[in-house]
Amino acid sequence: MFYGTVVWDPWLIVAQIGCIQCLYYLTLGIFLEILVGSRVSRMSLVYFFDYATVTASTVTGWCVIASFLLSSLAG
């Protein structure tokens, strides 16, 4: 089967959730470094977690939006 044995395995589910989260944030970091890193002088975690950076009024904001969309496709 796709999920392993038929027996209920909560540790497997938690491990799969952790792997998907790691994949998402790894690809988000890569895309932010490629798209936003070339536009700003210093990268920080603000671009990961602050909703104010996700704006359509600046080119950097559009790069942040594109990074989130591309990383969601990778997930």
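**Figure 1. Helices of the predicted model and its overall dimensions.** The protein contains three helices and zero strands, and this architecture comes from a predicted model. Read from the N terminus on, the elements follow the order α-α-α. Along its principal axes the C-alpha trace extends over about 50 × 20 × 20 Å, and the radius of gyration of the protein is 16 Å, whereas a compact globule of 75 residues would have a value near 11 Å. Among contacts between residues at least 6 apart in sequence, 44% join residues at least 24 apart.

**Figure 2. Surface and burial across the whole chain.** The accessible surface of the protein amounts to about 5700 Å², and carbon and sulfur atoms account for 72% of that surface. Of the 75 residues in the protein, 19% are buried. Two of the buried residues, Ser67 and Ser71, are shown in the close-up views that follow.

**Figure 3. Close-up of Ser67 and its surroundings.** Ser67 belongs to helix H3 and, because its relative accessibility is 0%, it is classed as buried. The side chain of Ser67 comes to 3.3 Å from the backbone oxygen of Phe31. When neighbours within four places in sequence are left aside, the residues in contact with Ser67 are Leu28, Phe31, Leu32, Leu35 and Val36, so that Phe31 appears both in this contact list and as the residue whose backbone oxygen is reached by the serine side chain.

**Figure 4. Close-up of Ser71 and its surroundings.** Ser71 lies in helix H3, which comprises residues 59-74, and its relative accessibility of 0% places it in the buried class. A polar atom of the Ser71 side chain is 3.0 Å from the backbone oxygen of Phe68. Apart from neighbours within four places in sequence, Ser71 is in contact with Tyr24, Thr27, Leu28 and Phe31. Leu28 and Phe31 are thus listed among the contacts of Ser71 and also among those of Ser67.

**Figure 5. Close-up of Glu33 and its contacts.** Glu33 is a residue of helix H1 and counts as partly exposed, because its relative accessibility is 47%. With residues up to four places away in sequence not counted, Glu33 touches Ser38 and Met43. For the pair formed by Glu33 and Met43, the separation is 10 residues in sequence, and the distance from C-alpha to C-alpha is 7.7 Å.

**Figure 6. Close-up of the nonpolar surface patch that includes Ile13.** Val7, Trp8, Ile13 and Ile17 together make a nonpolar surface patch of about 470 Å². One of these residues, Ile13, is located in helix H1, which covers residues 10-35. With a relative accessible area of 35%, Ile13 is partly exposed, and since patches are made of residues with over 30% relative accessible area, this value is consistent with its place in the patch.

Terms used
Residues numbered from 1 in each chain as written. Predicted model: local features only at pLDDT ≥ 70, side-chain atom pairs only at ≥ 80, totals over all residues. Heavy atoms only, no water. Patch = residues over 30% accessible without salt bridge, like charges linked within 9 Å, V, L, I, M, F, W, Y side chains within 5 Å. Areas by Shrake-Rupley, 256 points an atom, 1.4 Å probe, with all protein chains shown as cover. Salt bridge = Lys/Arg side-chain N within 4 Å of Asp/Glu carboxyl O. Helix = DSSP H or I, 4+ residues; strand = E, 2+ residues; numbered from the N terminus. Buried < 20%, exposed > 50% of the residue type's maximum accessible area, 1.4 Å probe, protein only. Polar contact = N/O pair within 3.5 Å; in protein donor to acceptor, adjacent residues only side chain to side chain. Contact = heavy atoms within 4.5 Å. Rg over C-alpha atoms; globule rule 2.2 N^0.38 Å.
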